[in-house]
Amino acid sequence: MDPENVKSNLVLILDYGSQYTHLITRRIRSLSVFSLCISGTSSLKSIVDLKPRVIILSGGPHSVHSPNSPSFPDGFVDYVESNGVFVLGICYGLQLLVQRLGGVVRVGERQEYGRMEIEVVRACGLFGSKEVGHKQTVWMSHGDEAAELPEGFEVVARSQQGAVAAVENRERRFYGLQYHPEVTHSPEGMETLRYFLFDVCRVDAGWNMEDVLNEEIKLIKGMVAPDDHVICALSGGVDSTVAATLVHKAIGDRLHCVFVDNGLLRYKERERVMETFERDLHLPVTCVDATDQFLSKLKGVVDPEMKRKIIGKEFISSFDAFGQDLERKFGKKPVYLVQGTLYPDVIESCPPPGSGRTHSHTIKSHHNVGGLPKDMKLKLIEPLKLLFKDEVRELGRILNVPRAFLQRHPFPGPGLAVRVLGDVTEGNALDILRQVDEIFIQSIKDAGIYDSIWQAFAVFLPIRSVGVQGDQRTHSHVVALRAVTSQDGMTADWYNFEHKFLDDVARKICNSVRGVNRVVQDITSKPPSTIEWE
């Protein structure tokens, strides 16, 4: 599809803080429709500039009665009506629509959380493909409810308790669902979204990775002057590798890749990664050993955010030094830095809507987003920043990146610094963690379950425990094992290993790694936890 046609069919999500918001974006993209997510409190100009065909108001933890509850900007209603934009409110988004358009939202007599049954009472609009009386199970999560609808609105579905479950005003193109159609707990939710987009809004499908690749190459060629040189920071992970391969396809040998060994890599990571780059990817890569530089700056630092900031700053310092070497060689300073920033990195580095907080208050600063210094000399090229991990892997397949490389588990930009809780330079924590992690990952591969897991790793805990090894009392370190399944890294469930596997791994670790006498497993999902511990 023509890029302009893709943009003219944009589905824009205004995020009001629901843990499911990113899923809406993913579900819509899975229908080959381009979707973006921005803050629900964005300015009207930010919305207008994107020229969306459809706007979805997400759910959120707020009540429309709270004094600081987030809302769409003034002028929003006039804009969407005068430009024929369809609007769908989900959960909090429905209540926001009802209240702002003159209806009444009240605290519900009976709150609705979890699986509920709803019944279609009008077979039109959102449920035009259903019959009156059709029942379906959906996922509810609300305490407030629409008590009085704005003029021109009608109820099209109710819950088994009689609460409003879906509303619409077809003439004004306003629609609302009190439940979450984007989650798997609403089995017919995808069908509802599909019908709304294609039958109600008449959106055209056609967004695909081939078009994304061609558009990004075109953008990069237009951005980078014919005599400009570009640095790419390679981490050995999927994201930076796909980004480098894409940019190399666009500008050829004017791309100069650098792999920085910051002393925070996994067991034999440097040797393995460099071999892969040279043997399989044929990318021009320079390896820089900056171990002392990074670890000296991290000595004594225990705060996770501070660790990320320091590492981000030192990476840029290393890239600047590499750039100076290139300047001496080619007689011109490199202008750009390529990074493999992904969409989840951008989303997680933004503040919660309605929090009144600035960009700096985040779930955590991602190395590729919040960890970069403000005075950075290089301009950024981030060709993957609107993509999720599975989309990046699909892009990599198109670019002929080897499958074995694309299936590698994600590895954080700050490396083992966020897997050693506390001071990474204290004692031999890094060496212990490398050995434990290698045993864990190799055992997963030997069991044939590596591709079934999104991410697996070990964590060095800043505690010691009493044990008995060789008939002697020990007071040694504790390590944690974490493995999760996920589609995009935004939500995750812990992987349920067989007990025998865990028993074998724990024995191997305690018998092979000096200084460890206890192994624990992290069985927490995301949310409430993040995948990484820091």
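This report describes the overall build, the backbone exceptions and the cysteines of a predicted model.

**Overall build**

The protein chain contains 16 helices and 18 strands. Its C-alpha trace extends over about 70 × 65 × 40 Å along the principal axes. The radius of gyration is 25 Å, which agrees with the value near 24 Å that a compact globule of 534 residues would have. Of these 534 residues, 56% count as buried. Among contacts in the protein chain with a separation of 6 or more, 75% are made by residues 24 or more positions apart.

The exposed area of the protein chain is about 23,300 Å², and 47% of it comes from carbon and sulfur atoms. The charged side chains comprise 62 positive and 69 negative ones, and the centres of the two sets are 3 Å apart.

**Backbone exceptions**

Most residues other than glycine have a negative phi, and most peptide bonds are trans. The exceptions described here are two lysines and two peptide bonds that involve prolines.

Lys51 has a positive phi although it is a residue other than glycine. Its place is the loop that runs between helix H3 (44-50) and strand E3 (54-57). Lys268, also not a glycine, has a positive phi too, and is found in the loop between strand E11 (255-261) and helix H9 (269-281). Lys51 is exposed, with a relative accessible area of 62%, whereas Lys268 is partly exposed at 46%.

The segment after strand E18 (516-521) holds Pro527, and Pro528 lies in the segment after E18 as well. A cis peptide bond links Lys526 to Pro527, and another cis bond links Pro527 to Pro528.

The angles are set out below.

| Site | Angle |
|---|---|
| Lys51 | phi near 50° |
| Lys268 | phi about 55° |
| Lys526 and Pro527 | omega about -10° |
| Pro527 and Pro528 | omega about 10° |

**Cysteines**

The count of disulfides is 0. Cys287 is in no disulfide, and the cysteine sulfur nearest to it, that of Cys257, is 13 Å away. A disulfide requires sulfur atoms within 2.5 Å, so a pair at that distance does not qualify. Cys287 is partly exposed, at 26% relative accessibility. Cys37, by contrast, is buried, and its relative accessible area is 13%. The cut-off for buried is under 20%, so Cys37 falls below it and Cys287 does not.

How values were computed. Residues numbered from 1 in each chain as written. Predicted model: local features only at pLDDT ≥ 70, side-chain atom pairs only at ≥ 80, totals over all residues. Heavy atoms only, no water. Buried < 20%, exposed > 50% of the residue type's maximum accessible area, 1.4 Å probe, protein only. Helix = DSSP H or I, 4+ residues; strand = E, 2+ residues; numbered from the N terminus. Rg over C-alpha atoms; globule rule 2.2 N^0.38 Å. Contact = heavy atoms within 4.5 Å. Areas by Shrake-Rupley, 256 points an atom, 1.4 Å probe, with all protein chains shown as cover. Lys, Arg positive; Asp, Glu negative; His and termini not counted. Charge placed at Lys NZ, Arg CZ, Asp CG, Glu CD.
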